[in-house]
Amino acid sequence: MSPQRLYIGLDVGGTSMKAGVVDDNGHAHSGISLPTEPHKGQQHGLDTMCAAIRQAAAEAGLTMADIVAVGVATPGTMDLKTGYILDPPNLKPWRDVPVRDYVRSQLHLPTAFQNDANAAAMGEYWAGAGRGYHSLVFFTLGTGIGGGIILNGAVLEGEHSHGGELGHVKIEMTNPRLCGCGKVGCLEAYASATQVVKRAREAMASHKSLLHDWPLTDGELSAKDVFDAADKGDALAEQIVDETAYYLALGASNVMHTIDPDAIVFGGGMIAAGEPFLERIRRHIPRVAFPVPAARTQIRFATLGSDAGFIGAAACARALVVK
Ligand SMILES: [Zn+2]
């Protein structure tokens, strides 16, 4: 048996970046984290990316000569074809950063570049909740809602690098809520962790709830508090949680009717709410989706946690060299 090829994936976030060595089976051999410090400027950011990749190799007891290819995932906005981050809201003040070419020129290895949510989708498809499926749609539920679509092993990048922006599918156009993107009616404006809190606060203004006297986990109301209060039987919190599940079912049904995937996977901080929340989403889907996809599409939680991004970035690196 020939030795395993090894790749390094890097997932750059607004606060920190995570890198690891990953083998042909999607198993991680290391995982390191460095602060991104976007305020120090994009050259510092580019150098930190290269340092993180080298450190991931060292932590696995390897040198860069053992690595076949690298993959870098970053937040948008971006141009995947040219390998640039354009004007990223989470990495200010970076602008027009030639990520792919810079990393390739420093490390002298084939270098893939991908959107972070697309990379996380790829990670789950390759090595997590989507293992064995042909197609997968991934929603990350955090302060915002990210998305990624994998069809037959490839990321659906779209013609303008904007494929899979599932947080911004429209789910409500009557008195729609304003989204962080500046438009209205987006899934993210209803079902992100931030919006769960906002909707709970609005309901609390005119209704009784255990949340009025809740021992707050983080000093102020969080989505976790709302989910915990729902578990304790609080009617207001339960309604907010159930509506959130309904909104996510709407988002899921939109992609079911668009591409009819094997599986829809939810990841991100909010899945800490656990299996009962997933069951709620599953129960709402037959109300809004065609019967066959509603019955057959697998609805799952992600399994790789915050490793999905770098594992998926490594999968994109692998796709450069394994045809
Ligand atoms: Zn939006």
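**View 1. The five-stranded open sheet of the predicted model.** In this predicted model, 5 strands form an open sheet with mixed pairing, arranged in the order S10-S9-S8-S11-S12. Strand S10 (154–155) and strand S12 (298–301) occupy the edges; each has a single partner strand, so one side of each is left without a neighbour in the sheet. Helix H7 (residues 235–259) packs on the sheet and touches S8, strand S9 (145–151), S11 and S12. The direction of H7 makes about 155° with that of S8. Helix H8 (residues 275–288) lies across S11 and S12, and runs at about 155° to S12.

**View 2. Strand S8 and its two pairings.** Strand S8 (residues 135–141) and strand S11 (residues 263–267) run parallel and are joined by 5 bridges. With S9, strand S8 pairs in the antiparallel sense over 7 bridges, and a hairpin of 3 residues connects S8 to S9. Strands of a sheet pair through backbone hydrogen bonds, whether parallel or antiparallel. Val137 illustrates both pairings of S8: Ile149 stands opposite this residue in S9, while Ile264 is its bridge partner in S11. Further along S8, Thr140 is placed opposite Gly267 in S11. S8 is mostly covered, with 6 of its 7 residues buried.

**View 3. The zinc site.** The zinc ion has as its protein donors His168 (ND1), Cys179 (SG), Cys181 (SG) and Cys186 (SG), which lie 2.0 to 2.4 Å from the metal. The 4 donor atoms subtend angles of 105 to 116° around the zinc ion, which makes the arrangement tetrahedral. For four tetrahedral donors, the ideal angle at a metal is 109.5 degrees. Along the chain, the donors follow the spacing H-x10-C-x1-C-x4-C. Among these donor residues, Cys179 and Cys186 are buried.

**View 4. Helix H6 and the helices that cover it.** Helix H6 spans residues 223–231, and its buried residues include Ala223, Asp225, Val226, Phe227, Ala229 and Ala230. The elements covering the buried residues of H6 include helix H5 (193–204), H7 and H8. After H6 comes Gly233, which has a positive phi, near 90°.

**View 5. Ile240 in helix H7.** Ile240 is found in helix H7 and is buried, its relative accessible area being 5%. When neighbours within four places in sequence are left aside, Ile240 is in contact with Val196, Arg199, Ala200, Ala203 and Val226. Of these contacts, Val226 is also one of the buried residues of H6. Ile240 and Val226 are 14 residues apart in sequence, and their C-alpha atoms are 7.8 Å apart in space.

**View 6. Ala249 in helix H7.** Ala249 also lies in helix H7. The relative accessible area of Ala249 is 0%, so this residue is buried. Apart from neighbours within four places in sequence, the contacts of Ala249 are with Ile281, His284, Ile285 and Val288. Ala249 and Thr63 are 186 residues apart in sequence and 46 Å apart in space, C-alpha to C-alpha.

**View 7. Strand S7 and its pairing with S4.** Strand S7 (residues 111–115) is mostly covered, with 5 of its 5 residues buried. In a regular strand, the side chains alternate between the two faces of the sheet. Both faces of S7 are covered: Thr111, Phe113 and Asn115 are buried on one side, as are Ala112 and Gln114 on the other. Strand S4 (residues 69–74) runs parallel to S7 and is joined to it by 5 bridges. Within this pairing, Gln114 of S7 is the bridge partner of Ala73.

**View 8. The two domains and their contact.** The chain is divided into domain 1, which comprises 6–124 + 306–321, and domain 2, which comprises 132–302. The centres of domain 1 and domain 2, taken over C-alpha atoms, are separated by 27 Å. Where the domains meet, 11 residues of domain 1 are in contact with 14 residues of domain 2.

Methods: Residues numbered from 1 in each chain as written. Predicted model: local features only at pLDDT ≥ 70, side-chain atom pairs only at ≥ 80, totals over all residues. Heavy atoms only, no water. Donors = N, O, S within 2.8 Å, 3.2 Å for Na, K, Ca; no water. Tetrahedral: all angles 85-135°; square planar, octahedral: opposite > 155°, others 65-115°. Buried < 20%, exposed > 50% of the residue type's maximum accessible area, 1.4 Å probe, protein only. Pairing = 2+ DSSP bridges. Helix = DSSP H or I, 4+ residues; strand = E, 2+ residues; numbered from the N terminus. Contact = heavy atoms within 4.5 Å. Axes fitted to C-alpha atoms, helices over the stretch in contact; angles between N-to-C directions. Domains from an automatic or database assignment.
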